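Look at the chain below and turn it slowly. Then follow the text from one residue outwards to the whole fold.

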Amino acid sequence: IQHVENAIAHYVTLRVRFSRPMGSSEAYELLATEQRRTLGELLRIAKKHELFTQDLDADLEILRGDRNWLAHRFTAAPPGLMDPHYAATASKRAGDITRRALALQKALVLLIHDFTISQGVSPKLIEAETRKRAPWFPW
C-alpha cells in the first residue's frame, strides 16, 4: 500500500504542484512534501483536482479503508492471530488487499507514464528510468 501512496504523491506533485519548469532539487522538495501526507490527504487533493476517474477514486477509497484495517485492526481483535479461524480470514483479506494494491499501483504508474509523455518526455527515457527504479513493472 505504501507504494500506491508513493505513486499518488508523485502524480499529485506532477499534476498539481508543478506550475513551472524547475530544477531537480526543487522538484524533489515538492515531492517530499506530498510524500509526508497521509493517504487520506492525498486522496482529498486528487479528488479536489479531479485527477482520477470516479472508478479509480472509488477503488482508492476502498484501499484507504483496507489500509486502515491493516494498521489498526489486523491484530487487534481478541484473541487476534492466535485464533486459527481469525488468522486464516485475516491472512486471506491481507492477501486480497495486496493484490488490489498491486493492480492500483500499476494503474497509477500508467497514468504517470501517460501524463509525462503528454508533457513531452520521451517514452524511451521513461521506460529506461522505470526499469531502473521499478524492475517489477511489466512493460
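**From one residue to the fold**

Start with I8. Apart from neighbours within four places in sequence, I8 touches L39, L42, L43, F52, L60 and L108. Here, contact means heavy atoms within 4.5 Å.

A word on the source. This is a predicted model, where local features need pLDDT of at least 70, side-chain atom pairs count only at pLDDT 80 or more, and totals for chains, interfaces and linings use all residues. Residues are numbered from 1 along each chain as its sequence is written, and side-chain values use heavy atoms, with hydrogens and water left out.

Now step back to the whole chain. It has six helices and zero strands. From the N terminus on, the order reads α-α-α-α-α-α. Helices (H or I, at least four residues) and strands (E, at least two) are DSSP runs, numbered from the N terminus. The C-alpha trace spans about 55 × 30 × 30 Å along its principal axes. Take the contacts between residues at least 6 apart in sequence: 62% of them join residues at least 24 apart.

What share of the 139 residues is buried? Buried residues make up 33%. Buried means under 20% relative accessible area, exposed means over 50%, and partly exposed lies in between (1.4 Å probe, protein chains only).

In soluble globular proteins, nonpolar side chains tend to be buried together. Look for that here. The largest nonpolar core has 27 residues. Such a core is a set of buried Ala, Val, Leu, Ile, Met, Phe, Trp, Tyr and Cys residues joined through side-chain atoms within 4.5 Å. The residues with the most contacts inside this core are V4, I8, V12, L51, F52, L60 and L108. So I8, our starting point, is one of them. The elements that give two or more residues to the core are α1, α3 (39-48), α4 and α5. The largest share, eight residues, comes from α5.

Turn to α3. Its buried residues are L39, G40, L42, L43, I45 and A46. An α-helix has 3.6 residues a turn, so residues three or four places apart point the same way. What covers the buried residues of α3 includes α1, α2 and α4. Just after α3, E50 takes a positive phi of about 50°.

Next comes helix α2, with two residues to compare. E34 is found there, and so is Q35. Is E34 buried or exposed? E34 counts as buried because its relative accessibility is 2%. Leaving aside neighbours within four places in sequence, E34 is in contact with A9, V12, T13, R17, L42 and I45. Its side chain also makes a polar contact of 2.7 Å with the side chain of R17. A polar contact is a pair of N or O atoms within 3.5 Å; within protein, one must be able to donate a hydrogen and the other to accept it, and residues adjacent in sequence count only if both atoms are side-chain atoms.

Q35 has a relative accessible area of 37%, so Q35 is partly exposed. Beyond its neighbours within four places in sequence, Q35 is in contact with N6, A9 and H10. The side chains of Q35 and N6 make a polar contact of 2.4 Å. Q35 and H10 are 25 residues apart in sequence, yet their C-alpha atoms are 8.0 Å apart.

Move on to R67, in helix α4 (residues 54-72). R67 counts as partly exposed because its relative accessibility is 29%. Leaving aside neighbours within four places in sequence, R67 is in contact with I1, E5, L39 and H72. A polar contact of 3.0 Å joins the side chains of R67 and N68.

Finally, find the loop between α5 and α6, where Q119 sits. Q119 is exposed because its relative accessible area is 52%. The C-alpha atoms of Q119 and L70 are 37 Å apart, with these positions 49 residues apart in sequence numbering.To end where we began, I8 is among the residues with the most contacts inside the largest nonpolar core.
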